[in-house]
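The following exercises ask the reader to work from the coordinates to a description of one protein chain. Each task is followed by a solution in steps.

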Amino acid sequence: MPMTLTTEQLGDVPDVSAATLDEVLAPDAFGAFAALGASEEEFIQAGNVWEAGPACADFIQANGSDPWVLEYREGGRLFRAEGHVTLEQVRQAFRSYLSGGPEWRTLAWSGISL
């Protein structure tokens with residue numbers, strides 16, 4: 001099923017391919033959020049949660065990346081990866097989601113209220 005990638009800087013990129021996904025997400029120049037899905041009811045999304053302070057600085061020092069929140073929606077429920085993730089983890093999850101692979105599901109997820 002064709003998917004659309006939506007980012008803060010680029011807007012909607014319809015019928016996204018793995019190559020386009022890598023190109024858009026690689027430079028970290030797409031803005032503070034990205035979402036990938038075939039519909040508004042089922043998708044994966046990520047948002048940059050950088051903020052000034054020691055916790056963020058510690059995360060960046062330890063991981064070489066700003067902290068990101070990763071979520072997905074499926075079956076009318078929204079789930080969030082536990083803890084912050086790196087941009088590379090976002091890229092890997094988006095690639096897996098696009099290809100229909102199971103790898104993105106290996107993160108620890110918790111259901112959250114809509």
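## Exercises on a predicted model

Strand 4 (residues 43-48) pairs with strand 5 in the antiparallel sense, over six bridges. The model examined here is predicted.

**Exercise 1. Describe the surroundings of strand 5 (residues 68-74) and determine how far the strand is enclosed.**

Solution.
1. Begin with the pairing to strand 4: in this antiparallel arrangement of six bridges, glutamine 45 stands opposite glutamate 71 of strand 5.
2. Turn next to strand 6 (residues 77-81), which runs antiparallel to strand 5 and is joined to it by four bridges. Here tyrosine 72 stands opposite phenylalanine 79 of strand 6.
3. Examine the connection: strands 5 and 6 form a hairpin with two residues between them, and glycine 75 in the turn has a positive phi of about 60°.
4. Apply the burial cut-off, which is under 20% relative accessible area. Six of the seven residues of strand 5 are buried, so the strand is largely enclosed by the rest of the structure.

**Exercise 2. Is threonine 86 buried or exposed, and which residues does threonine 86 contact?**

Solution.
1. Locate the residue: threonine 86 lies in the loop between strand 6 and helix 3 (87-99).
2. Compare its accessibility with the cut-off: at 11%, threonine 86 counts as buried, because buried means under 20%.
3. List the contacts, leaving aside neighbours within four places in sequence: threonine 86 is in contact with Phe59, Asn63, Ser65, Asp66 and Trp68.

**Exercise 3. Characterise aspartate 15 by its backbone angle, its place and its accessibility.**

Solution.
1. Inspect the backbone: aspartate 15 is not a glycine, yet has a positive phi of about 50°.
2. Assign its place: the loop between strand 2 (11-13) and helix 1 (18-25) holds aspartate 15.
3. Classify its accessibility: the relative value is 58%, and exposed means over 50%, so aspartate 15 counts as exposed.

**Exercise 4. Where is arginine 105 found, and which residues does arginine 105 touch?**

Solution.
1. Arginine 105 is found in the loop that lies between helix 3 and strand 7 (109-112).
2. With a relative accessible area of 40%, arginine 105 is partly exposed.
3. Not counting residues up to four places away in sequence, arginine 105 touches Tyr72 and Glu74.
4. Arginine 95 is ten residues from arginine 105 in sequence, and their C-alpha atoms are 12 Å apart in space.

**Exercise 5. Summarise the protein chain by its elements, dimensions, surface and charges.**

Solution.
1. Count the elements: the protein chain has three helices and seven strands, in the sequence order β-β-α-β-β-α-β-β-α-β.
2. Test compactness: the radius of gyration is 14 Å, close to the 13 Å that the globule rule gives for 114 residues, so the protein chain is as compact as a globular protein of that length.
3. Give the extent: along the principal axes, the C-alpha atoms fill a box of roughly 40 × 30 × 25 Å.
4. Consider burial and contacts: 37% of the 114 residues are buried. Among contacts between residues at least 6 apart in sequence, 53% join residues at least 24 apart.
5. Assess the surface: the protein chain exposes about 6500 Å², of which carbon and sulfur atoms supply 51%.
6. Tally the charges: there are 6 positive and 17 negative side chains, and the centres of the two sets lie 6 Å apart.

Terms used
Residues numbered from 1 in each chain as written. Predicted model: local features only at pLDDT ≥ 70, side-chain atom pairs only at ≥ 80, totals over all residues. Heavy atoms only, no water. Buried < 20%, exposed > 50% of the residue type's maximum accessible area, 1.4 Å probe, protein only. Pairing = 2+ DSSP bridges. Contact = heavy atoms within 4.5 Å. Rg over C-alpha atoms; globule rule 2.2 N^0.38 Å. Areas by Shrake-Rupley, 256 points an atom, 1.4 Å probe, with all protein chains shown as cover. Lys, Arg positive; Asp, Glu negative; His and termini not counted. Charge placed at Lys NZ, Arg CZ, Asp CG, Glu CD.
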